[in-house]
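Trainee: I have a new protein on my screen and I am not sure how to begin reading it. Could you walk me through it?

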Amino acid sequence: MSIEPIGFIVLLLGLLSMVNGARFAITTLCLSTLLGAAAALQLPALGGSSIQPSHLLVLFLVVAALLRPAQTQATLASMAYPGPGFWFAAYVLFSVASSFFLPRIFAGATLVYSSARDATGMMSTVAAPLSPGSSNLSQSVYLLGDLACFAVVSGLARLGYARFIALQLIVASIACFTLALIDIGTFLTDQSYLLDVIRNANYTMHTAETISGFKRIVGPFPEASTYGAVALAYFSFTLLLWLERVQSRMAGLATLFIGPTIVLCTSTTAYIAGIFVVCMFVLFCLKRLISSPAKTPHVTFLVITLFLIPCAIVALSLVPDAWNSIAGLMSTTLSDKLQSQSGEERTAWNTLALIAFVDTATFGAGLGTVRASSFIAALLSNVGLTGTLLFAAFLYSLARASGRHMSGDRETHAIGNAAVMASIAQVASAAISGSGTDLGLLFSTTAGLAAGCLATNTSPRRATRSLTNRTPLETSTSLMRAPMFSTR
């Protein structure tokens, strides 16, 4: 194991998180999820795996929660049956167990594209017989980290930190936009090496690619599809907060910033998932208008989506040069994608993944064994029908909590709904191009925030009163800083 220069900074931030508590830990975690191309630690013994800063910080986040009894209790309560946390824990634990048993039970039963990387960080481009590999262990560690992040964030949301966590996600979305601008600026000035400090992971980097004259925006991530998926999640989160008038100024500003970068990132994943997300928001706004008096943000969004954008497209078609450039970009990223070499490779991955699902009698080959190009194909081929149904139960539980009427704080409910929208946007993106079953720590953060906000009817004020009635040993006030609550 070797520690990268950025790793020392991450370790220092982790230690400060343990001392300063939840606010500092959540702030650093939200910002660190943007460093998708960075490595804090390199593990040559595990096939050249890279440990990202966010995954390392989760360890300190968990320790910080364990040092504070009230947060520990809330973290454990977040996984109680029948809430979303229970189903997510069941899915993760089943997946981890499958990574040990299934690759050995079905060894040699079918051909797969392995998820394991070699010492150079490259994945094999040749199908090989199913067998255990280093990715079984690494993917298990990642999923356990996702579960820990989900539980702690959900517990903190239950304790009244929902508004603060939402604010940090808004700040992270603005930082995501800023890093996209830096990516474009360094590319145009031929100074891309300035970002090497956050592009040191053992991945294949696609940071200098162009399509139809457009620079593919990657920001702090290794490729445009990853940036597009993350930006779409932030866009979904901030847009719903703006529609519900929660942190409306900052959320509206973040939405205005991050939205255009999704359009310009040239990611097929972002375009297709983005259409799905926009349709969800149109239905959401129509439901709001039907069930309650019209609100300005909902009407504004419908006017922009259903009237102004179509008018802008018609006007753009009257400018031949601009229209030809846009049409060429859409043709390359959408209609011609499946005929490209990348499209053919990804089709082959999904085909063999689904064959592996059948050849293993629907049990799956084990977490981290099979590489696919769709989250759905990855679920079926790796954790089988059982794991897929457990994840579906988790999503259903989360969506059901969002639709349930809440008698508690309106702002907390709106934050929970925004987090659900962000989580669904990430699942939609992964369903198009996700190579594995790990949706990442940003998904765990938004899903945990949603579960914490929507799992109880208790308002933050009531939660605060329940904490004040506990003994000093139980609340550990010397270690935990109480969050500030909105009076609105």
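**Surface, core and loops**

Mentor: Let us start from the outside: the protein exposes about 21000 Å², and carbon and sulfur atoms supply 69% of that area. Please keep in mind throughout that this is a predicted model.

Trainee: OK, and what share of the residues is buried?

Mentor: Of the 488 residues in the protein, 52% are buried. As for the secondary structure, the protein has 17 helices and seven strands.

Trainee: What about contacts between residues far apart in sequence, how many of those are there?

Mentor: If we take the contacts between residues at least 6 apart in sequence, 75% of them join residues at least 24 apart. A single pair near the start of the numbering can also be looked at: Met-1 and Gln-42 are 41 residues apart along the chain, and their C-alpha atoms are separated by 5.7 Å. Met-1 belongs to the segment before β1, and it counts as exposed because its relative accessibility is 70%, where the cut-off for exposed is over 50%.

Trainee: Now the inside. Which residues have the most contacts in the largest nonpolar core?

Mentor: They are Tyr-91, Tyr-227, Phe-237, Phe-391 and Leu-449, in a core of 95 residues. Helix α6, which covers residues 134–188, contributes the largest share of this core, with 21 residues. Apart from it lies another core, which has 11 residues, including Leu-130, Ala-356, Ala-372 and Ala-378. As a general background, nonpolar side chains in soluble globular proteins tend to be buried together.

Trainee: Can we zoom in on Leu-449, what is it in contact with?

Mentor: Once its neighbours within four places in sequence are set aside, Leu-449 is in contact with Val-153, Ala-157, Ala-162, Ile-165, Leu-169, Phe-237, Ile-415 and Ala-419.

Trainee: And α14, why is it described as largely enclosed?

Mentor: Helix α14 is largely enclosed by the rest of the structure because 20 of its 24 residues are buried. The helix runs over residues 410–433 and reaches 35 Å from its first C-alpha to its last, which is close to the 34 Å expected at 1.5 Å a residue.

Trainee: Back to the surface: which residues make the nonpolar patch?

Mentor: The patch, of about 680 Å², is made by Val-299, Val-303, Ile-304, Phe-307, Leu-308, Ile-309, Ile-313 and Trp-323. Helix α10, at residues 296–317, gives the most to it, with seven residues, whereas Trp-323 is placed in helix α11, at residues 320–335.

Trainee: Why does Trp-323 count as partly exposed?

Mentor: Trp-323 counts as partly exposed because its relative accessibility is 33%, and that class lies between under 20% for buried and over 50% for exposed.

Trainee: Any odd backbone spots? Where is the cis peptide bond?

Mentor: The cis peptide bond joins Tyr-81 and Pro-82, with omega at about 5°, and Pro-82 lies in the loop between α4 and α5. In general, most peptide bonds are trans, and most residues other than glycine have a negative phi. Asp-190, however, has a positive phi, near 60°, and Gln-247 has a positive phi as well, near 50°.

Trainee: Where do Asp-190 and Gln-247 sit, and are they buried or exposed?

Mentor: Asp-190 is in the loop between α6 and β6, and it counts as exposed because its relative accessibility is 63%. Gln-247 is in the loop between α7 and α8, and it counts as buried because its relative accessibility is 15%.

Conventions: Residues numbered from 1 in each chain as written. Predicted model: local features only at pLDDT ≥ 70, side-chain atom pairs only at ≥ 80, totals over all residues. Heavy atoms only, no water. Core = buried A, V, L, I, M, F, W, Y, C linked by side-chain atoms within 4.5 Å. Buried < 20%, exposed > 50% of the residue type's maximum accessible area, 1.4 Å probe, protein only. Helix = DSSP H or I, 4+ residues; strand = E, 2+ residues; numbered from the N terminus. Contact = heavy atoms within 4.5 Å. Patch = residues over 30% accessible without salt bridge, like charges linked within 9 Å, V, L, I, M, F, W, Y side chains within 5 Å. Areas by Shrake-Rupley, 256 points an atom, 1.4 Å probe, with all protein chains shown as cover. Salt bridge = Lys/Arg side-chain N within 4 Å of Asp/Glu carboxyl O. Expected span 1.5 Å × (residues − 1).
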